[in-house]
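Here are a couple of exercises to work through with the model open. Try each one yourself before reading the solution.

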Amino acid sequence: MIEVQHLTKQYGNVKAVRDVSFQVGTGQVIGLLGPNGAGKTTIMKILTGYHFPSSGTANIDGLSVEDYPEEIKKKIGYLPENAPSYGDLTPLEYLSFVAEARQIPKEKRQNRINEVMDQCSLQEVKNKPIETLSKGYRQRLGLAQAILHDPAILILDEPTTGLDPNQILEIRSLIRELGKSKTVILSTHILQEVEAVCSQVIIIHQGRIAAQGTSAEIGRTLKGQDSWHLELRGNLPEVLPQSFVFNHRTFIVQEQTRLDNGSLFIKVAYIDEPTGLPADPNAVGETLFDWVVAQGYKLCRMEHQKVSLEDIFVQLTKEGEDK
Amino acid sequence: MKGLSSQTVALAKKELYSALNSPATYGVWTFFLLFNSITFFYLQKFFSLDSATLRPYFSVIPLVYTLLIPAITMKSWAEERKTGTAELLLTMPFSEWDLVLGKFLSSLIILAIALVLTLAVPLSLFPLGNFDMGVIVSEYVGALLLGMAALALGLLFSSLAKNQISAFLGGVVVLLTVMLLNQLTSLMDLPKAIADILNYLSLAFHFESFAQGILDSRDMLFFILVTFLFLFINTRVLLFRKWR
């Protein structure tokens with residue numbers, strides 16, 4: 001259980017994190033999402049005890065990170081940004097050192113190191129100096145180092161940077177697997193990663209939490225809305241009206257463009273039912289179809305576009321900059 | 001201050017392993033042996049002294065330490081900070097003392113090996129005259145104690161510096177100052193109180209009694225306290241960085 005209350009961290013005059021509060025329970029995979037420099041890494045550094053907060057508290061299983069640093073460090077596995085490691089050692093030597101530093105009993109060390117090297121596919125490079133390894137291997141070694149002592153909490157700072165697409169998929173499935181029994185906090189600026197791996201998302205912008213929840217929840221509570229992309233032909237007016245009402249539903253035409261093939265592309269949004277409940281996309285789609293038919297247009301394409309985390313992210317982070 | 005924990009030993013082992021796999025360490029040892037021997041046999045002309053003493057050999061120790069010690073310690077913290085591995089060490093369940101003592105222990109072993117290697121000189125000279133074994137033991141004890149204090153200072157500089165070079169240069173300048181502070185008192189006619197203070201602060205001054213074959217408990221205590229003090233400050237530097 002991780003509890004963060006009104007956390008603020010100031011580096012000189014720069015406030016890297018401002019009044020951040022959140023909670024993470026066991027078995028959750030939380031994604032810290034934000035542009036570079038948003039404060040994700042700082043939050044992680046505080047949780048791992050590398051930095052102390054300027055104000056506010058961070059507790060792990062009820063223990064404050066400032067007052068019980070050693071107990072907390074035992075519970076946490078941490079992969080820092082860029083997965084630093086000792087270039088002159090080999091993965092095997094490096095993991096042996098970590099195992100000893102983490103006080104894994106001597107008789108269990110070798111087995112555990114082998115297990116973790118299998119999990120992170122490191123066996124084939126275990127005797128090569130780390131400085132000669134590719135970024136992908138170093139990143140996986142960093143992850144191996146973090147999970148070696150089987151911690152209850154995993155904190156991963158951009159775990160998939162520098163990996164190729166196959167490795168990214170492998171690491172994501174490994175994180176999902178680990179997330180079943182552990183609390184995982186990972187930071188990323190890759191949106192698909194959050195959607196692929198995390199059960200909860202915290203969007204951080206300029207040191208503050210801009211949004212929090214499952215990606216669907218964030219989509220709903222924020223101004224994000226589903227839209228429909230339509231391609232129309234036939235007897236069309238030069239320009240369609242900005243909005244229209246059909247079957248008691250009001251639609252807004254957000255975009256309309258004439259395509260090279262002569263069709264008219266329109267992006268239509270529909271907000272909510274008069275009851276205030278979220279609209280059933282199928283019903284709304286049917287209404288739109290009926291509208292097209294009623295107008296005598298020809299429908300070439302119709303696509304339902306769900307609100308994506310990407311849209312919300314762009315929206316949120318842009319808003320912050322305007323302020 | 002805690003005793004040597006298993007974690008201190010783990011870190012010291014890793015540091016030592018890296019040091020012994022690095023050509024730089026062998027370069028440092030070679031430099032140390034060559035510098036001492038060249039001064040002893042050529043500059044101070046040991047064989048024409050016609051005296052069975054290693055005092056000239058040990059008299060250059062404070063000077064050569066000003067280069068040797070920073071060369072041993074420069075990497076320890078500065079490199080960890082540069083490569084980001086400091087973040088790993090500081091987020092593993094080490095206490096600040098575990099870390100500082102681990103680094104200190106491995107540096108001390110590197111220095112001790114350097115001193116053991118110099119045994120070749122007395123061992124090859126023993127058949128040539130009646131050397132006083134007691135004096136030589138005292139000289140080695142002194143060299144080790146002086147080295148401990150200087151290593152603690154060098155490590156502190158490495159923890160303050162952003163990179164190895166500034167750790168080395170800072171270490172050289174400060175060690176040169178504290179080693180040779182007592183030279184000021186012989187060069188200048190200073191009031192006795194000031195001269196006494198300068199002498200007291202000079203590491204080389206406290207080494208003199210060992211070089212003469214006297215195991216003075218006050219000087220031993222001085223070196224141990226200085227070592228402890230700088231190691232303590234080092235732990236505070238690590239802690240302070242969390243607040244910065």
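**Exercise 1.** Keep in mind that this model is predicted. Find helix 4 of chain A and work out how far it reaches, and which of its residues are buried and which exposed.

*Solution.*
Step 1: Start with the span. Helix 4 of chain A runs over residues 106-119, so at 1.5 Å a residue its 14 residues are expected to cover 20 Å. From first C-alpha to last, the helix reaches 21 Å, close to that value.

Step 2: Look for the buried residues. They include I113(A), V116(A) and M117(A). Seen down the axis of helix 4 of chain A, the buried residues fall within an arc of 100°, so they line one face of the helix. The spacing rule helps here: an α-helix has 3.6 residues a turn, so residues three or four places apart point the same way.

Step 3: Now check the other side of helix 4, where E107(A), K108(A), N111(A) and D118(A) are exposed.

Step 4: What covers the buried residues? Part of the cover comes from helix 3 (91-101) and helix 5 (135-147) of chain A.

Step 5: Go just past the helix. There you meet S121(A), with a positive phi near 50°.

**Exercise 2.** Describe the side of chain B that touches chain A.

*Solution.*
Step 1: Count the contacts: 21 residues of chain B meet 21 residues of chain A.

Step 2: Find the contributors. Helix 1 (6-20), helix 6 (85-90) and helix 13 (217-243) of chain B each supply at least two residues. The largest share, 6 residues, is from helix 1 of chain B.

Step 3: Sort this side of chain B by character, and you get 8 nonpolar, 10 polar and 3 charged residues.

How values were computed:
Residues are numbered from 1 along each chain as its sequence is written. Chains are lettered from A and ligands numbered from 1 in the order in which they are written. This is a predicted model: local features need pLDDT of at least 70, side-chain atom pairs count only at pLDDT 80 or more; totals for chains, interfaces and linings use all residues. Helices (H or I, at least four residues) and strands (E, at least two) are DSSP runs, numbered from the N terminus. A residue is buried if 20 or more other C-beta atoms lie within 10 Å of its own, exposed if 12 or fewer, and partly exposed in between; C-beta atoms are placed from the backbone. The arc is that of the directions from the helix axis to the C-beta atoms. Two residues are in contact if their C-beta atoms, placed from the backbone, lie within 7 Å. Ala, Val, Leu, Ile, Met, Phe, Trp, Tyr, Cys and Pro count as nonpolar, Asp, Glu, Lys and Arg as charged, and the others, Gly among them, as polar.
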